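Me: Could you take a close look at the cysteines in this model for me? I would like to see how they sit within the fold as a whole.

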Amino acid sequence: QVDLVESGGGLVQAGGSLNLSCADSTRTFRSYAMAWFRQAPGKEREFVCAISWIDESPDYADSVKGRFTISRDKVRNTIYLQMNSLKPEDTAMYYCATRDYTTIIRKPDAYPYWGQGTQVTVSS
């Protein structure tokens, strides 16, 4: 059983910043990938970014590239999502997810473990 705990969501004005965190509180250090997805009302869940525990190169969706930064803390088994220059279209529930492999996959179905989500709302 994997337990992912997210925090850091909230309400922010357009152009502002938020920092999300996701802690994996149950697993010891392993080689796996962790990702952020988001889902707006009435829309499908979409890939935001991901990072592998052994590969330094993260992967970003085009819509967030240059504005969002994913990082990791191996000691705390935690990933972070620094979101800058936020836009109203970034408004969504943000979910942390992980899988038991190092390969980064952009499809939600590839991730069996999910957090409860944290709401991000960007006002115009």
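Reply: Happy to; here is a walk through the cysteines, with the surrounding fold first and two backbone details at the end.

Please keep in mind that this is a predicted model. The protein has eleven strands and zero helices, so its elements read β-β-β-β-β-β-β-β-β-β-β from the N terminus on. With a radius of gyration of 13 Å, close to the 14 Å that the globule rule gives for 124 residues, the protein is as compact as a globular protein of that length. The C-alpha trace spans about 40 × 25 × 25 Å along its principal axes. Of the 124 residues, 44% are buried, and among contacts with a separation of 6 or more, 59% are between residues 24 or more positions apart.

Now to the part you asked about. The count comes to one disulfide, and the pair that forms it is Cys22 and Cys96, with an S to S distance of 2.0 Å. The torsion about their S-S bond is about -75°, so this disulfide is left-handed. Cys22 belongs to strand β3 (residues 18-24) and Cys96 to strand β9 (residues 92-98), so the pair links distant parts of the chain, 74 residues apart. Both Cys22 and Cys96 are buried.

What about Cys49? The closest cysteine sulfur to that of Cys49 is in Cys96, at 9.8 Å, which is too far for a bond, given that a disulfide needs the two sulfur atoms within 2.5 Å. Cys49 counts as buried too, because its relative accessibility is 0% and the cut-off is under 20%.

Two backbone details may also interest you. Most residues other than glycine have a negative phi. Asn77, however, has a positive phi, near 50°. Asn77 is found in the loop between β7 (68-73) and β8 (78-83), and its relative accessible area of 7% makes it buried. Ser85 is not a glycine either, yet its phi is positive at about 50°. This serine is in the loop between β8 and β9, and at 41% relative accessibility Ser85 counts as partly exposed.

To finish with the outside, the accessible surface of the protein comes to about 6,300 Å², and carbon and sulfur atoms account for 48% of it. The protein carries 14 positive and 14 negative charges, whose mean positions are 2 Å apart.

Notes:
Residues are numbered from 1 along each chain as its sequence is written. This is a predicted model: local features need pLDDT of at least 70, side-chain atom pairs count only at pLDDT 80 or more; totals for chains, interfaces and linings use all residues. Side-chain values use heavy atoms; hydrogens and water are left out. Helices (H or I, at least four residues) and strands (E, at least two) are DSSP runs, numbered from the N terminus. The radius of gyration is taken over C-alpha atoms; the globule rule is 2.2 Å times the number of residues to the power 0.38. Buried means under 20% relative accessible area, exposed over 50%, partly exposed in between (1.4 Å probe, protein chains only). Contact means heavy atoms within 4.5 Å. Accessible areas come from the Shrake-Rupley method with a 1.4 Å probe; for residues, only the protein chains shown count as cover. Lys and Arg count as positive and Asp and Glu as negative; His and the chain ends are not counted. The place of a charge is taken as NZ of Lys, CZ of Arg, CG of Asp or CD of Glu.
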